[in-house]
Amino acid sequence: MKLLAKKIYFKIFGYRFERNFLELFFNLITPNYFKTILAILYWKKLDFKLSEEEANSHKSKAEKIFKNITINNNNISRILEFGGSYGINLEPFLEKFTDIEVISIDTNNSVKRLEKKYENYKGIIGSDNILRDIPSLKYDIAFCCSVLDHIPDEKKVISIIQQLIRIAKKVYLFEPFLEGVCGDVSYFYRIQIEEKYKLKYKIEDNYKKFAKNSYLWNYDLYLENLNLPFKKNSFKLHKSSLGPFYKCYEIN
């Protein structure tokens, strides 16, 4: 614990201060609606220029998503990704199933990139409002990956899940989950979350810190309240921030 304390705290005149005090304070006083605006602006303007290492990591994630979805679904004719950014998660589907309809929705105009490469791909620039105009059960599969964990509004998160379930026969959520934790964890060290929520277990590498715009939501509870059967498996993305805590939710 002394080693962890050296990383997380410092002392002035004998008083202990958290190293992330200012980040936590300003995040606390920022209203959720303003956090939502900032998040939308950030993702809308983000330029997806990746290093070779980052690109390989994203490709590896895309292959994992492909395997998780196709292992139990042999006949896919229409698939939709919500929050698909520049389309990397859908490329394995486009390369291996040339006769399916592939749709991606994102606020960033990079969602249009793959249209030049694949005739059966369509990128739609927009937000969750677009989901409301899609007919029920239009798609065989709908999924999102690392999208809901960046949305500050819990009601909006639940609404998006409901819309995805309405428009698709099967839904996959690749999102982070920690038992007993629900809400904004931005800028917190993992050990601080243990203390805040009085967890009865230790979080993996609890000296590490969650990044900005990081939210952990209780998908188990939401799906149970909606009376939806689901399976949940580990889906680790990386070791930093929310990475180790991702799950694959398969919702029928």
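The following legends describe close-up views of a predicted model.

**View 1. Surroundings of aspartate 149, a buried acidic residue without a salt bridge.** Aspartate 149 is placed in the loop that runs between strand 6 (139-145) and helix 6 (154-167). The nearest side chain of opposite charge belongs to lysine 61, at 9.9 Å. With a salt bridge defined by a nitrogen-oxygen distance within 4 Å, aspartate 149 has none. Its side chain instead makes a polar contact of 2.5 Å with the side chain of tyrosine 246. Beyond residues up to four places away in sequence, aspartate 149 touches Glu175, Pro176, Asn213, Ser214, Tyr215, Tyr219, Leu242 and Tyr246. The loop between strand 6 and helix 6 also contains serine 146. Serine 146 has a positive phi of about 55°, although it is not a glycine.

**View 2. Lysine 61 in helix 4, a buried basic residue without a salt bridge.** For lysine 61, the nearest side chain of opposite charge is that of glutamate 81, 6.4 Å away. Apart from neighbours within four places in sequence, the contacts of lysine 61 are Asn89, Cys145, Phe235 and Leu237.

**View 3. The largest nonpolar core, with 34 residues.** Within this core, the residues with the most contacts are Ile69, Ile79, Tyr121, Phe143, Phe174 and Phe210. Two or more residues are contributed by each of helix 4 (52-70), helix 5 (91-96), strand 6, strand 7 (168-176) and strand 11 (246-251). Another core, of 30 residues, lies apart from it and includes Val157, Phe177, Trp217 and Ile251. In the largest core, phenylalanine 143 is one of the residues with the most contacts. Leaving aside neighbours within four places in sequence, phenylalanine 143 is in contact with Ile65, Ile69, Ile79, Leu80, Glu81, Phe82, Asn89, Leu90, Tyr172 and Phe174.

**View 4. Aromatic pairs, of which the count comes to 13.** Phenylalanine 143 and phenylalanine 174 are arranged edge-to-face, with 6.2 Å from centre to centre and 85° between the planes. Because phenylalanine 143 belongs to strand 6 and phenylalanine 174 to strand 7, their pair ties together parts that are 31 residues apart in sequence. Both phenylalanine 143 and phenylalanine 174 are buried. The rings of tyrosine 215 and tryptophan 217 are stacked, because their planes lie at 0° with the centres 6.0 Å apart. Tyrosine 215 is buried at 2% relative accessibility, and tryptophan 217 is buried at a relative accessible area of 5%. Ring pairs also link Phe66, Phe93, Phe97, Phe143, Tyr172, Phe174 and Phe235 into a cluster.

**View 5. The salt bridge between aspartate 184 and lysine 35.** The closest N and O atoms of this pair are 2.8 Å apart. Aspartate 184 lies in strand 8 and lysine 35 in helix 3 (residues 32-45), and the pair links distant parts of the chain, 149 residues apart. Aspartate 184 and lysine 35 are both buried. Strand 8 (183-184) is followed by a loop that leads to helix 7 (190-196) and contains tyrosine 187. Tyrosine 187 is not a glycine, yet has a positive phi of about 70°.

**View 6. Further salt bridges, from a whole-structure total of 14.** Aspartate 220 and lysine 232 form a salt bridge whose closest N and O atoms are 2.9 Å apart. Since aspartate 220 lies in helix 8 (residues 219-225) and lysine 232 in strand 10, the pair ties together parts that are 12 residues apart in sequence. Aspartate 220 is buried at a relative accessible area of 13%, whereas lysine 232 is partly exposed at 30%. Lysine 202 and glutamate 194 form another salt bridge, with the closest N and O atoms 3.7 Å apart. Lysine 202 is exposed at 66% relative accessibility, whereas glutamate 194 is buried at 6%. Asp128, Arg132 and Lys156 are linked in a network of salt bridges.

**View 7. Phenylalanine 230 in strand 10 (residues 230-234).** Phenylalanine 230 has a relative accessible area of 24% and is therefore partly exposed. Leaving aside neighbours within four places in sequence, phenylalanine 230 is in contact with Asp220, Leu223, Glu224, Tyr249, Glu250 and Ile251. The C-alpha atoms of phenylalanine 230 and tyrosine 33 are separated by 31 Å, the two residues being 197 residues apart along the chain.

Conventions. Residues are numbered from 1 along each chain as its sequence is written. This is a predicted model: local features need pLDDT of at least 70, side-chain atom pairs count only at pLDDT 80 or more; totals for chains, interfaces and linings use all residues. Side-chain values use heavy atoms; hydrogens and water are left out. Helices (H or I, at least four residues) and strands (E, at least two) are DSSP runs, numbered from the N terminus. Buried means under 20% relative accessible area, exposed over 50%, partly exposed in between (1.4 Å probe, protein chains only). Lys and Arg count as positive and Asp and Glu as negative; His and the chain ends are not counted. A polar contact is a pair of N or O atoms within 3.5 Å; within protein, one must be able to donate a hydrogen and the other to accept it, and residues adjacent in sequence count only if both atoms are side-chain atoms. Contact means heavy atoms within 4.5 Å. A nonpolar core is a set of buried Ala, Val, Leu, Ile, Met, Phe, Trp, Tyr and Cys residues joined through side-chain atoms within 4.5 Å. Rings of Phe, Tyr and Trp (its six-membered ring) pair if their centres lie within 6.5 Å; planes under 30 degrees apart count as stacked, over 60 as edge-to-face and the rest as tilted.
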